[in-house]
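Let's walk through this model together, starting with a pair of strands and working outwards to the sheet and the cores.

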Amino acid sequence: MPKSAYIYVPSPSRENLEIGLDQGLWGWRRSALDRAGARQAVQSLGEGDFLVLGHRGPNSRVAPGGWANATLQRVIITQVSRPYFTDRAPVWPDDDYPERIGIDVLEEEQDVHGTALGADAMEALRLSANKQGAAVLQAGIAAVAQLADALSPAPGLPGDGTVDHEGADSAVAQVLVRREQAKLRKNLLGGATEAACALCGRVLPVRFIRAAHIKRRSAASRPERLMMANIMPACLIGCDELFEHGYVYVADNGTIAVSPKSNTTPDLAVAAKALEGRTVADYGPHRAPFYTWHRAHIAN
C-alpha cells in the first residue's frame, strides 16, 4: 500500500513553494533531515507514494491534537514521481536544498479545514511545522482518500468520466483528476446549459461536452493542465475519442485533418472523414502549440 507523508510549508516559504510545484521538485536542507529518522522517512518514499503539502496554518507550538480544528490556507496533494536523490542544480533562490524528490501535483485546494484531512493528518502537519518541514509519515492513504472524497463532486455529475483503475493509489488519483475536470468545466462552460463542440460544431446539452485537454494531461506540466488555452469543448458523441486517440488532428491552419490510423475500420474512417476540413472553434496562437504537440505525438 502506498505511503502518505505530510510536509508543512510556512508563510515565508511561499515563493519556494510555487517554484517547487512548477518544477515538480521538493527539497530539504541537510540540517532539516539530520534529525532522528527524518532522512530515512524521505528515503522510504517511492514512486507513487503521496506527499501532502500544507501551507499557512496557525501557530504550531500547541499541544498534540491542537490542529484538529485548524484551517490551512492551502493544501496540495502530490504524488512522488522520482524517489530521493541529491542534486545542487539551482532551483530555489535562497538555498540549494540538495536532498530532493520529484513530485507530480494531483490537486490543490484553499481554506481546508482540519475535518477534511482528518486529525491524524493535521497532527502530522503540525509535527512537520515543528521539525523544519521534515516529512512526517502516516500509515496508508486514509487521510488522502478522505480529502479526495471531501473535494470531489458527487459521482454522476458532468465530468465524472474517468478510467477505472485497480489499486487504492489509482483510486485517489482518479478522484482528484475528476475534481480538476469539474473546475475546468466550470471555467469553460460557466452556467451554460448548452455548448458547441469545437470539432464538429454541434450544439449539445452540456452533459455531452467534455473539457478536453489538447495536450494530454499525462504529458502536460502543472501550469499547462490548468491553462484554458489547452482546453477545448469536445462532444462525447465521437469527437472527444477521435481526437484523444489521434484519428483526427488539427493542422497548423486550424482545420481538421484525418490521420491514416483512422483506416482501422471502414466505419471509423467514415466518422473521421466527416470532420475533415472543418475549422476548429477558437483556434489561434494561444492554442496552436498544444495542437502542434497533439499532431506530433498522438496523430502520427
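Strand β3 (residues 50-55) runs antiparallel to strand β4 (residues 71-86), and 6 bridges join the two. Across this pairing, Val-52 sits opposite Ile-77 of β4. Strands here are DSSP E runs of at least two residues and helices are H or I runs of at least four, numbered from the N terminus; two strands pair if DSSP finds at least two bridges between them. You are looking at a predicted model, in which local features need pLDDT of at least 70 and side-chain atom pairs count only at pLDDT 80 or more, while totals for chains, interfaces and linings use all residues. Residues are numbered from 1 along each chain as its sequence is written, and side-chain values use heavy atoms, without hydrogens or water.

Now for the whole sheet: it is open, has 6 strands with mixed pairing, and follows the order β2-β5-β4-β3-β1-β6. At its edges lie β2 (25-28) and β6 (136-138), each pairing on one side only. From one strand to the next, the twist averages 40°. Helix α5 (residues 119-129) packs on this sheet and touches β1 (4-9), β3, β4 and β6, where contact means heavy atoms within 4.5 Å. The direction of α5 makes about 50° with that of β1; axes are lines fitted to C-alpha atoms, for helices over the stretch in contact, and angles run from 0 to 180 degrees between N-to-C directions.

Which residues touch the most other members of the largest nonpolar core? Among its 27 residues, they are Leu-199, Met-232 and Phe-243. Beyond four places in sequence, the contacts of Met-232 include Leu-188, Arg-210 and Tyr-291.

Definitions and conventions. A nonpolar core is a set of buried Ala, Val, Leu, Ile, Met, Phe, Trp, Tyr and Cys residues joined through side-chain atoms within 4.5 Å. Buried means under 20% relative accessible area, exposed over 50%, partly exposed in between (1.4 Å probe, protein chains only).
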